[in-house]
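Me: Please take a close look at one part of this model, the surroundings of the bound metal and the helices packed beside it, and place it among a few other local features. I would like one connected account that keeps to what the coordinates show.

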Amino acid sequence: MTLPNTRTGPCIREVRITPIAIVDPPLLNAAGLHAPYALRTIVELVTEDGISGISEIPGNVATNDALASATHLLTGRDVFQQNTIRQVLTEHFGTENAAQRGLTPWDQRKLVHIFSAVEVACLDIVGKVTNRPVVDLLGGKLRDQVPFSAYLFYKYEGAGGELGFGSDPAAQGWSAARQAAALDPAGIVAQAQAMCAEFGFQSIKLKGGVFDPSDEVAAMFALRDAFGPDRPGGALPLRIDPNALWTVETAIRYGRQLEPILEYLEDPVRGQANMATVRKALKTPLATNMCTTSFDDIPASIALGSEDIILSDHHFWGGLRASMTLAGICDTFGRGLSMHSNSHLGISLAAMVHLGAALPNLTYALDTHYPWQSDEVIKGGRFRFDDGAVAVPTEPGLGVELDHEALARLHQNYLTCGLTERNDEIEMQKVNPGWQFQATRW
Ligand code: GKR
Ligand code: MG
């Protein structure tokens, strides 16, 4: 099929794909350990009349190469014709199935990332051309601020980047806490206190799947003691995410213990059928960014009843408008919707905030790794959080501009750090030889 190339609006002249590496501390998770740098890819579309649109996606050389193989299909296309662009890319790449997501906590598919990168950058340009913020292109703003939650990690001491497992002794406040070790309940509570003091978060998530479930449950009860009902302002909602490493029996056993203190339990077990079994046994709502992760997964999710809340991610669901479609599906089938994150900078955060502002039912604060990052690639520095929320940008498009000097510096990091994809297992083996990822551990 030959798709029409309607040229009535601004057309793409150039596609720039820049891999970058950003400083990331040694955070632990179910798949192992974060490397000293997290990889992102910055995509810049430039129109024939010099307007640029930007986007940010998780960095992976295979995704970057695939995107590069399709740039000739993008040049000359009108940025308003996003449906055609999507069809052209689908014809070029073929379809991708849900299994290609892989077993890791993050999504390994290429096509969804490419759709997301191209669509967000097109929307940025459309917003600039029409003088409207991206949220208006998603149907308009339903809130002025988008709330995020504190995202806690077990971690080794270290600031990441060149310092690696070392720390900057002059650091204060959150900068100091960001590099401190957190390997037990007291460490996790201290991390939460520093993060909430700095960003004002009103809910808390612990990344689990690292230690024996009984230790992680103890950390959750320590958080409850520190952020419980006696606190001025009342108890903060708590969540834990073992990234599907628990067995059904473990999830039911510890899920019952946690029932009185959890807002939701995220991906306790692997697969929709196991999630459905755990969900029937517990009163606590279950959330996922691992078992229902694509439109192909929706029929089985509904048939089985595998979760209560889908943690969307525009990088993994194929863009912002696809995420709005997901919101409609969630509404129809009684699912809550919130957002998942990975290590990211301000372009992704801006896109998340525009989407979060447009979602009809936003009942849970979104995830963000942003406090763990210290770099930035946008002009004007890092986003600010007030009471845990980010104000929706009002400028045209995403409302953020690329800082080309910062981009060049972060690209240099990419070239020197030697990483081309995320592999937390290899990083963990550097400190713990023989350590192996297990899809189900406890
Ligand atoms: O950053 O280590 C991490 C997380 O484990 C991340 O990769 C997950 O995708 O945040 C994620 C989650 O909620 O599963
Ligand atoms: Mg998760």
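Reply: Thr-63 counts as buried, because its relative accessibility is 4% and the limit for buried is under 20%. In this predicted model, Thr-63 belongs to helix H1, which covers residues 61-68. Once its neighbours within four places in sequence are set aside, Thr-63 is in contact with Ile-57, Lys-110, His-113 and Ile-114.

Helix H4, residues 111-130, has an axis that comes within 8 Å of the axis of helix H12, residues 320-332, and the two cross at roughly 105 degrees. That angle makes H4 roughly perpendicular to H12. On the H4 side the contact involves Glu-119, Val-120 and Leu-123, which meet Leu-320, Arg-321 and Ala-322 of H12. Sorted by class, the residues of this contact between H4 and H12 are four nonpolar and two charged, with no polar ones.

Turning to the metal site, the magnesium ion (ligand 2) is coordinated by Asp-241 through OD, Glu-266 through OE and Asn-289 through OD1, at 2.0 to 2.2 Å. Along the chain, the donors of this magnesium ion follow the spacing D-x24-E-x22-N. Asp-241 and Asn-289 link distant parts of the chain, since they lie 48 residues apart, with Asp-241 in strand S9 (residues 238-241) and Asn-289 in the loop between strand S11 (286-288) and helix H11 (298-304). Asp-241 counts as buried, with a relative accessibility of 1%, and Asn-289 also counts as buried, at 5%.

The loop between S9 and H9 holds Ala-244, a residue that has a positive phi of about 70 degrees although it is not a glycine. Ala-244 is buried, with a relative accessible area of 1%. Asp-387 likewise has a positive phi, of about 50 degrees, without being a glycine, and this residue is found in the loop between helix H13 (346-358) and strand S14 (389-391). In contrast to a buried position, Asp-387 is exposed, because its relative accessible area is 62% and the limit for exposed is over 50%.

The helix after that first loop, H9, has Val-248, Thr-250, Ala-251, Ile-252, Tyr-254, Gly-255 and Leu-258 as buried residues. These buried residues of H9 pack against helix H8 (213-226), S9, strand S10 (262-266) and H10, and S9 is the strand in which Asp-241 lies.

The packing of H9 on H10 can be described further. Two packed helices are described by the angle between their axes and by the distance between those axes. For H9 (residues 248-258) and H10 (residues 272-281), the axes come within 10 Å and cross at roughly 30 degrees. H9 is therefore roughly parallel to H10, as angles under 35 degrees are counted in this way. The crossing in which H9 passes H10 is right-handed. From H9 the contact is made by Val-248, Ala-251, Ile-252 and Arg-256, and from H10 by Asn-274, Thr-277, Val-278 and Ala-281. By class, this contact of H9 with H10 is made up of five nonpolar, two polar and one charged residues. Among the H9 residues in that contact, Val-248, Ala-251 and Ile-252 are also buried.

Note on methods: Residues are numbered from 1 along each chain as its sequence is written. Chains are lettered from A and ligands numbered from 1 in the order in which they are written. This is a predicted model: local features need pLDDT of at least 70, side-chain atom pairs count only at pLDDT 80 or more; totals for chains, interfaces and linings use all residues. Side-chain values use heavy atoms; hydrogens and water are left out. Axes are lines fitted to C-alpha atoms, for helices over the stretch in contact, and angles run from 0 to 180 degrees between N-to-C directions. Helices (H or I, at least four residues) and strands (E, at least two) are DSSP runs, numbered from the N terminus. Angles under 35 degrees count as roughly parallel, over 145 as roughly antiparallel, 65 to 115 as roughly perpendicular and the rest as oblique. A crossing is left-handed if the near helix is turned anticlockwise from the far one by less than a right angle, and right-handed if clockwise. Contact means heavy atoms within 4.5 Å. Ala, Val, Leu, Ile, Met, Phe, Trp, Tyr, Cys and Pro count as nonpolar, Asp, Glu, Lys and Arg as charged, and the others, Gly among them, as polar. Donors are N, O and S atoms within 2.8 Å of the metal (3.2 Å for Na, K and Ca); water is not among the atoms, so sites may look incomplete. Buried means under 20% relative accessible area, exposed over 50%, partly exposed in between (1.4 Å probe, protein chains only).
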